[in-house]
Each structure stands twice: as C-alpha cells, then as structure tokens.
Amino acid sequence: MNNVTFGRYSPLNTFTHKVDPRNKILILILLMVSIFLQFHVWSTTLLLSGVFLILLICLMLISKVNFLDLFKSLKSMWFLVIFLLVIYVFIPNPTYKFVCYRFNDHYAIYWDSFYQSGYIILRLILMISLTMVLTSTTKPMDLTYAFEWYMTPLKVIRFPVHEIAMTLSIALRFIPTLLDETDRIMKAQASRGVDFNRGGLFKRFKAVISLIIPLFVSAIQRSEELSDAMEARGYNPREKRTRYRKLTFSWRDIIALLFGLAIFGGILYLFIYDHNVEEIDLFMQIFGINVGF
Amino acid sequence: MAIEVKNLFYIYGRKTPYQQTALDDVSLTIPTGSFVGLIGRTGSGKSTLVQNLNALLIPTEGEIIVDEFHIGNKKRKNKKIKQLRKHLSLVFQFPEYQLFEETVEKDVAFGLMNFGYKQNEAIELAHKALLSVGLDEKYFKRSPFELSGGERRRVAIAGILAINPDILVLDEPTAGLDVKGSKDIMSLVKQMHEDGKTIIMVTHDMDLVLRYTEQCFVLKDGKVTFGGSTNQLFDTISDDSAIEIPPLFKLAKKLKDRGAPINIENIKNAEDLIKQVNSWRKK
Ligand SMILES: Nc1ncnc2c1ncn2[C@@H]1O[C@H](COP(=O)(O)OP(=O)(O)OP(=O)(O)O)[C@@H](O)[C@H]1O
Ligand SMILES: [Mg+2]
C-alpha cells in the first residue's frame, strides 16, 4: 500500500519548496488555463504542447520530483486512454476533415479522432504532473492555509471559510494515517489467510470486505475521538485564531510569479493573435516552413 | 531449529526521503518448542521482525528459514506463503481492529475457512477456540463491534488460536488488558506451549518475560544486543532504562548477594522464590 507515493509531499529544500503556497496555487492556475487554450491549427497546438512538456521537465528537475512516481501514476491511465479513443472514433464530429478509413457514405474513421483524444490525454498528463509538482513541494497544511487565504473574501457573505479549511486540512492530514491503517489491516487479514491478489470473484469480494469494514470502523472511531479531543481543548471555529507559521512573500515569489505571468501572457497573446488571423499556421510563421495541409 | 534468521535487514520506504532502517543485520535462532520473549524499547523493530517471520514483510536483505519454509528477499521466489502462515501464525499488536464479520463466531471461523476448512467444521472449531479464551455461548452470536476492547481482543486471539499453528507469535498480547484478561490469555498461551507449540512473544511487561519465557532476545535500534536465557539476562544487565529488572528477581538477587543459597536460574515467579527460601530456612 505504501507504493501510493503519487504527489506525496517530500521534505526537500528546493526553490519550488520555498515559494509561498498562495503564489504556487496562482501560478498553477495560470499554467492550467494556458494549457487549456485551444488553437485553430494543430501544428501550433503541437508546438505549444512541446514547450509545456519542456517547461514541465525543467520544473520537475528543479523541484526534484521523482519521474518514476509520475510514470507509475500515469500507468493507471490506460483505461481512460482507451475510453477516450473509443468515444472519439465512434462518435465523429462533423467538422473532422482527414479520413483515415471510410466504411461507407455515412461512416468513416477520421485521423482527427486520434489527434483529438491524444491532445486531451496530453493535456491531462500535463495537468496531473503540474498538480503533482504542487502537492509534492507543498505541505498539505500550507496548501489549506493558502486556500483559506483565497477564500477570505467569502467571509463577508457568511460563508464558513474557516470551517471548510479546517475540515480540508484534517482530511489531508489523515490520508497518510488511513493508508497506514489500510496497510496494517491488510497485513492482519493476510495473517488470517486472506489472499488479496488471488482467488475467485467471491473470495476477492470477501477479502475486500474484510478490509473495508475495519477501515470504516476505525475511521469513524478516529473522527469521534478527534472531535472530542478538539472540544476538550476548547476549540471554537468562530473564534479569531492566530497562526504558528506566517506565510510571507519573498524574492523567490516575485521570480516565480513573473515566470508564471510571462508564460500566461505569452500564450494569451498567441491565442488572441491566432483567433484574429484565421487559418494562419503559427508554426509556419515562426519557422517559415509549410507542414502541409 | 524452528526458526533461523540470517543477517536480516529491513528498510521502510526504501529510496524515498522517508527511508528508515528498522532491522539492521539481525541473526538469531529459535529452537522448536521453546517459549521466547522479544523485548526492546518502542521503535526498536520488534513488530517489524515478527512481520518478517510470516512473510507479511519481505526482507530487504538476508533470509529466514521457518522449518521447511524459506523466505528470501525475492518476492516471487517465496512460495507456499499461505501454508507458512498456517504453520506460523501472528497475533497482531491490537488485533481487535481486524474484526469485521457480523457475529463473533463467524469472525473466528473466517480465518479457518481461508485455510480450507468447511463452514460447519470451522464454526465448530471456532466455538472451541472462543470457549478457550473465556467467551461462552452468550457471545457466539453477538456482533464483535458491540463488545468491549478486552473482549474484542479475546475474539481476535481466538481467531488465530483456532488455526492451531505450530508456531504462535504474539505481538504485545496483553497490552491494555486488565489483570484477569492478561492472566487468562497468558495461561492459554502457556497451555499451548505445554502442548508442544513454539511461542514467540513481544512484550514490554518484564514480569511476564520472567514468568513465562525461557529465552529472550533484546532488540535495540534494529540490532540484537542480547540473546540467551531469560534469567541470565536479568542477572547480567544493570538497571538499564529499556529493561527493568522485575522486583521479584531483584529481591532474589539481593538475598543471594547477602549469602542466601538461592539458585537464580530457577526463579520464575513468587512461588519459586518462596520454595527456595523455605527449604533454606529448614536447613
Ligand atoms: N509502516 C512503516 N513505515 C515507515 N517506518 C515504519 C513503519 N513501521 C515502523 N516503522 C519504523 O520502524 C521502526 C521499528 O518499528 P516497529 O514497529 O518494529 O517497532 P516496535 O519495536 O514494534 O515498537 P513498539 O514497541 O512501539 O511496538 C520504528 O522506528 C518505526 O518508526
Ligand atoms: Mg510493535
């Protein structure tokens, strides 16, 4: 169970680790929006995706995020890949142009289907990786502080910002605990002869039940104990609270923010340009070559 | 020899920033039919060691031989793990968290059925095991979740006892139980030992160690710092912070130091000491 390392915070001391979490969230949003802008011509999209991939690799190198973890977590996406491919191939969009194989007048397989689904997968991979960089360089507690900070304006309309942030941070805090618990219960059941990897359908079902029920029971028990403990120490969500560690803005944040803004601005400029000048291939423009079509 | 551990290393979270060496070159042998104590302070690697013994954890390096079974660091090469777990069963630290069936008897029978017993056979054995841990018919049909902590512990232990392994490993079986509960469980374990089973017990209770175990191993930071007869251990160590010499043993030692002809090797409980003192007074 301990192989669930995806996006787990790793206690290092890199540049990315030291950037303010509020800033990191903002930059992440900027980058995600940039990734999601769609361009007219496929070669432009391809070029920009390449740029993003290179950026991502640099970012992961700087943050010392383990590439292996990323591949491991992407491995489980194959189902999604097939699902998307099937949907795109069998439900073609009338705007598709490039025929791959024509069955009859009504039905054909288009190259566009593959391109579209591939593009979606690529964007998903980029987003997952970026989020992973965020979560593995930011303590969960800092993340929730940052969320709380962003939601502060909502306090005006009596939105329970603090309560939600507290719930969130407790939930995040208990993920590793629950994973450990899962591991422990699996071992306890294994010593009673449960085999989680083999056996028929019924056996496996029983094995999963023997894991889930104790897990739920202990999670509910834990939450009761926790709420009692919080009450015993006089916790009151409506009280004004002070913080042990204050979030501060430093020169690193300025550099990181400028970097994020530059990318966002650049992409946005290209996007507007692309949409004003119809049917012009940016790729062609930049390199002065024609890639066909 | 029932168990042979050779140069065993175990590292948690290998190649991650959380890496932690829990067992550091552990070698020990445990003879068939012995009652062995495993002691050491919190975090010294006791639970890790016993989990390696029935292949719940796979050694990072080194090997373990349990009678005809062999556990090495290649996961794929370890065969017959299920048979191993029937041969050497482990009662977990706080086993009460593994209960999940709707009735107590079903939960105890669950393990048996995993090891291939038929349902009615399993239920019958389950009843026997439950009676032996002091839970009578009234408990059979109750839900394990409405029992007290101590009762749940008994159910969980019954679940392992019912499997009737040749080697029984207990990880702090008495932690958090009341005096009677702990006594019941221990006399049960003693009974199993007298029936010829090999017993390995992890505990922090030195009185239990003195009373029941013949041999013990002391772990410190993942290394074995002592292996040998229990009475010899208490005789040789000074008042270390991790191991507290039981008061009874201290008394015996004091008497011996003052010239009383006390045989330290034979002191297991208060009765032993009284017997020796009485026979000495008669002379
Ligand atoms: N799942 C785990 N992941 C990482 N480290 C662990 C894990 N389990 C135990 N450890 C570490 O391994 C070391 C040995 O732990 P272990 O549970 O074997 O100790 P123990 O001797 O049984 O202690 P106790 O008397 O408290 O039960 C400890 O330092 C512990 O922090
Ligand atoms: Mg332990």
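**Exercise 1. Two unusual backbone angles**

Task: Decide whether A:Arg158 is buried or exposed, and find where A:Arg158 lies.

Solution.
- Step 1. A:Arg158 has a relative accessible area of 78%. Exposed means over 50%, so A:Arg158 is exposed.
- Step 2. The structure is a predicted model. In the model, A:Arg158 sits in the loop between helix H7 (140–151) and helix H8 (161–190) of chain A.
- Step 3. Look at the backbone. A:Arg158 is not a glycine, yet its phi is positive, near 65°.

Task: Now treat A:Lys64. What is its phi, and which helices flank its loop?

Solution.
- Step 1. The phi of A:Lys64 is positive, about 55°, although A:Lys64 is not a glycine.
- Step 2. Helix H3 (42–63) and helix H4 (67–75) of chain A flank the loop that holds A:Lys64.
- Step 3. The relative accessible area of A:Lys64 is 57%. The cut-off for exposed is over 50%, so A:Lys64 is exposed.

**Exercise 2. Confidence along chain A**

Task: Find where in chain A confidence is lowest and where it is highest.

Solution.
- Step 1. Start with the whole chain. Chain A has an average pLDDT of 83, and 91% of its residues score at least 70.
- Step 2. Go to the low end. Helix H11 (residues 282–287) of chain A has the lowest confidence, with a mean of 55.
- Step 3. Go to the high end. Helix H2 (residues 21–36) of chain A has the highest, at 92.
- Step 4. Check one more stretch. Residues 289–293 of chain A have a pLDDT below 50. Beyond near neighbours in sequence, this stretch makes 8 contacts in the model.

**Exercise 3. The two domains of chain B**

Task: Describe how domain 1 of chain B meets domain 2 of chain B.

Solution.
- Step 1. Set the bounds. In the domain assignment of chain B, domain 1 spans 3–245 and domain 2 spans 246–283.
- Step 2. Place the centres. The C-alpha centres of the two domains of chain B are 32 Å apart.
- Step 3. Count the residues in contact. Domain 1 of chain B gives 16 residues and domain 2 of chain B gives 12 residues.
- Step 4. Take the area. The two domains of chain B bury about 1,200 Å² between them, with 49% of it on carbon and sulfur atoms.
- Step 5. Pick out residues. On the domain 1 side, B:Leu210, B:Asn231 and B:Ile245 lose the most area to domain 2 of chain B, together 51% of what that side buries.
- Step 6. Count the bonds. Between these domains of chain B there are 0 salt bridges, but 8 residue pairs are in polar contact.
- Step 7. Name the elements. Helix H8 (206–212) and helix H9 (230–236) of chain B each give two or more residues to the domain 1 side. H9(B) supplies the largest share, 5 residues.

**Exercise 4. Chain B against chain A**

Task: How many salt bridges cross the interface of chain B and chain A, and what else builds the contact?

Solution.
- Step 1. The contact takes 25 residues from chain B and 21 residues from chain A.
- Step 2. The chains bury about 2,200 Å² between them, 60% of it on carbon and sulfur atoms.
- Step 3. In chain B, the residues that lose the most area to chain A are B:Tyr18, B:Tyr97 and B:Phe100, together 27% of what that side buries.
- Step 4. The interface holds 2 salt bridges. One salt bridge joins the side chains of B:Asp107 and A:Arg192, at 2.9 Å, N to O.
- Step 5. Across the interface of chain B and chain A, 7 residue pairs are in polar contact.
- Step 6. Helix H2 (81–87) and helix H3 (104–114) of chain B each supply at least two residues of the side that touches chain A. The largest share, 4 residues, comes from H3(B).

Conventions
Residues numbered from 1 in each chain as written. Chains lettered and ligands numbered in written order. Predicted model: local features only at pLDDT ≥ 70, side-chain atom pairs only at ≥ 80, totals over all residues. Heavy atoms only, no water. pLDDT = per-residue confidence, 0-100. Contact = heavy atoms within 4.5 Å. Buried < 20%, exposed > 50% of the residue type's maximum accessible area, 1.4 Å probe, protein only. Domains from an automatic or database assignment. Buried area = accessible area lost by both parts, 1.4 Å probe. Salt bridge = Lys/Arg side-chain N within 4 Å of Asp/Glu carboxyl O. Polar contact = N/O pair within 3.5 Å; in protein donor to acceptor, adjacent residues only side chain to side chain.
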